[in-house]
2 protein chains.
Amino acid sequence: MSVVTIHDVARQAGVAVATVSRVMNNTGQVRAETRQRVLSAVTTLGYRPNRTARGMARGRLATVAVLVPFVTHPSAFARVQGMVESCRDLGLPVSLFDVELPEHQGEHLRALAGDLRPEGLVVVSLQLTSDERARLDEAGLRPVLVDTEAAGLSTVCIDDEAGGALATNHLLELGHQRVGFIGDLEHDRFGFTASERRHAGYLRALAEAGLPQRAGYQRTGPHGRETAREHARALLALAEPPTAIFAASDTQALGALEAAREQGLTVPDDLSVIGFDDVEIAEHAGLTTIRQPLVDSGRQAARIVEQERADPGRAAERCVLDITLVARQTTAPPHHSAAAGRRRRAARPVGG
Amino acid sequence: MSVVTIHDVARQAGVAVATVSRVMNNTGQVRAETRQRVLSAVTTLGYRPNRTARGMARGRLATVAVLVPFVTHPSAFARVQGMVESCRDLGLPVSLFDVELPEHQGEHLRALAGDLRPEGLVVVSLQLTSDERARLDEAGLRPVLVDTEAAGLSTVCIDDEAGGALATNHLLELGHQRVGFIGDLEHDRFGFTASERRHAGYLRALAEAGLPQRAGYQRTGPHGRETAREHARALLALAEPPTAIFAASDTQALGALEAAREQGLTVPDDLSVIGFDDVEIAEHAGLTTIRQPLVDSGRQAARIVEQERADPGRAAERCVLDITLVARQTTAPPHHSAAAGRRRRAARPVGG
DNA sequence: CTGTTAGCGCGTTCAG
DNA sequence: CTGAACGCGCTAACAG
């Protein structure tokens, strides 16, 4: 009674294992009556096909692999959450392939295209080299991309440039004229590009508003709160400091907030800050930000993986998710020294 | 050149596949010279054993499975991070089995003990039923426990009771006499027990200090910030409210902080709050808390999995990690002025 | 010590 | 439409 295999079902139904296989996989033609016999045998025996063995026979590991850099970053992990959720229904475990160092990417991809050959592969934020793509192709793996793009591959993304413009315009509409930008290094070691695209949106918004790009107002560096804090410090130390900062991620925005507090500046009265992503901590910090549906991006990726599995000939899909401005307590009109009324601090921002 | 199998190596070395297998797995006896021939064939051919096939032959899925409730909780995820990190070196992917509903636990375990049969299994925070344990046993799976215990199984944990006492004593030493407690429901649907143990530590500390348990001072409910906030409100609404609160988790402590702000109380002047875990957000919120090495707990679990894999006869290990008090800005001596008197606005606690 | 023979549980040709 | 046979890549008896 411990493990019922395809043979047990075949015997019980009085057919060959091949027929059971055909019924289970909806492949080939099976007479309706035979199919019924098999199906009832399956239910009376409580047969569950062995995913590992099935994988072996088809040369695939029974999991959906996710290649993701810095999986502990709240934004990355929110995406994973969405996949885990969807894959649970799909009956496939999700395996994590974390990239903390640039070399991890190649190592994992080699293993994935080599002996592991997962049922599905999702690549988050990373840029695949042509060599890696070729290798995956040979292995019959068509990765689904999230937060990155490549010709011929399905992708789940947002319009980052529009998001950058949305954030910047929010500040401009509040009346800010001096808006700084803090983002990632343009050509970082991982090939992330979201920050660049958001930066492009920032530039576009400024240009459309007829505002100049001020010297030293755009700062990029390795991703992280610390770095962002230093950048914000530098920004605030300028002779004519910005009255508002657009940070390409919430993490960086949080760094900017810390810098402001260090300097004894009141947010948002003395300085407005807007972030990007709307990770969980953003709400707690009362951070104004651009929300992108992180969890949903994972769900969509899982959906596409499943659809491509069901229909390998399927054309690549481009799934663009919506973004929205979430106005909280870190943005407000600039504090003009000559301004008439004194603005009093509003009630303490409370999360939740 | 696409895939080099064990047969290629065998041919190249002029031996049988079994011998190659023995060399690769360090099983059985192989003459040193033969071993050398095999090894050199392996390197010249660049052979990498197929983990999926190996799994199939031994009836095991080539991953380390992690059964973890609410994996998106910062504390749970920090543990997963540690495992992912260690398993990368180990050459095994980590698969996530998230438990969001009590029924997920059984479903996953059935699958794990059924067709999936991972190389290793780590169970976080959950209580296994005897039925589940039996099933795992039959499947030859010996789970490694984290943040939970069971006779005969290895576990990675902390001394939660000592932690509860440590937190409480911190408050008592500051001079607080009226200390409230907020924790999880005693018999929640998932069988979590950490909160209970911390509560025991709280009671012990009070007793040792000769302090009474005041009516309505100990509140438990479903885990979550919202619930904790309500409990804190209730605590603060008492005729003689506590001057300090020990929350069994940082999440709950954050809820308590929110309640304090709502009431216009200054933290830590009017109310001290201490949490537990030291998740990332705790630092940002300036929360005093008990730190437990979450990431390291994952690393240790991975280590034990590997050691038990190498030596199945190994005795169960009990790995107790150290905890430390991290004093930040939410605890201070009590404000000994007129109790029901004036309440001032809180100066926002600043992180970093 | 090493080679031969069986499978692991299933998918997938091929006949029939 | 269905069954028998083979193979995925490797491990595990069983001989020798």
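A phosphate oxygen of DNA strand D sits 2.9 Å from an N or O atom in the side chain of A:Thr19. This is a predicted model, in which local features need pLDDT of at least 70 and side-chain atom pairs count only at pLDDT 80 or more, while totals for chains, interfaces and linings use all residues. Side-chain values use heavy atoms, without hydrogens and water.

**Phosphate contacts**
- B:Ser21 places a polar side-chain atom 2.8 Å from a phosphate oxygen of DNA strand D.
- For B:Asn25, an N or O atom of the side chain is 3.0 Å from a phosphate oxygen of this strand.

**The surface near DNA strand D**
- Helices H2 (17-25) and H4 (51-58) of chain A, and H2 (17-25) and H4 (51-58) of chain B, each give two or more residues to this surface. Near means that a heavy atom of the residue lies within 4 Å.
- H4(B) gives the most, five residues.
- Around the strand are 26 residues, and among them A:Arg22, A:Arg31, A:Thr34, B:Ile6 and B:Tyr47 come nearest.
- Sugar and phosphate make up 73% of the strand's atoms that come within 4 Å of the protein.

**Helix H4(B)**
- B:Arg51, B:Thr52 and B:Gly55 are buried in H4(B) (under 20% relative accessible area, 1.4 Å probe, protein chains only).
- They lie on the same side of H4(B), because they cover an arc of only 100 degrees around the axis. The arc is taken from the directions from the helix axis to the C-beta atoms.
- At the N-terminal end, B:Asn50 caps H4(B), with a side-chain oxygen 2.8 Å from the backbone nitrogen of B:Thr52.
- B:Gly59, just after H4(B), has a positive phi of about 70 degrees.

Technical notes
Residues numbered from 1 in each chain as written. Chains lettered and ligands numbered in written order. Polar contact = N/O pair within 3.5 Å; in protein donor to acceptor, adjacent residues only side chain to side chain. Helix = DSSP H or I, 4+ residues; strand = E, 2+ residues; numbered from the N terminus. Buried < 20%, exposed > 50% of the residue type's maximum accessible area, 1.4 Å probe, protein only.
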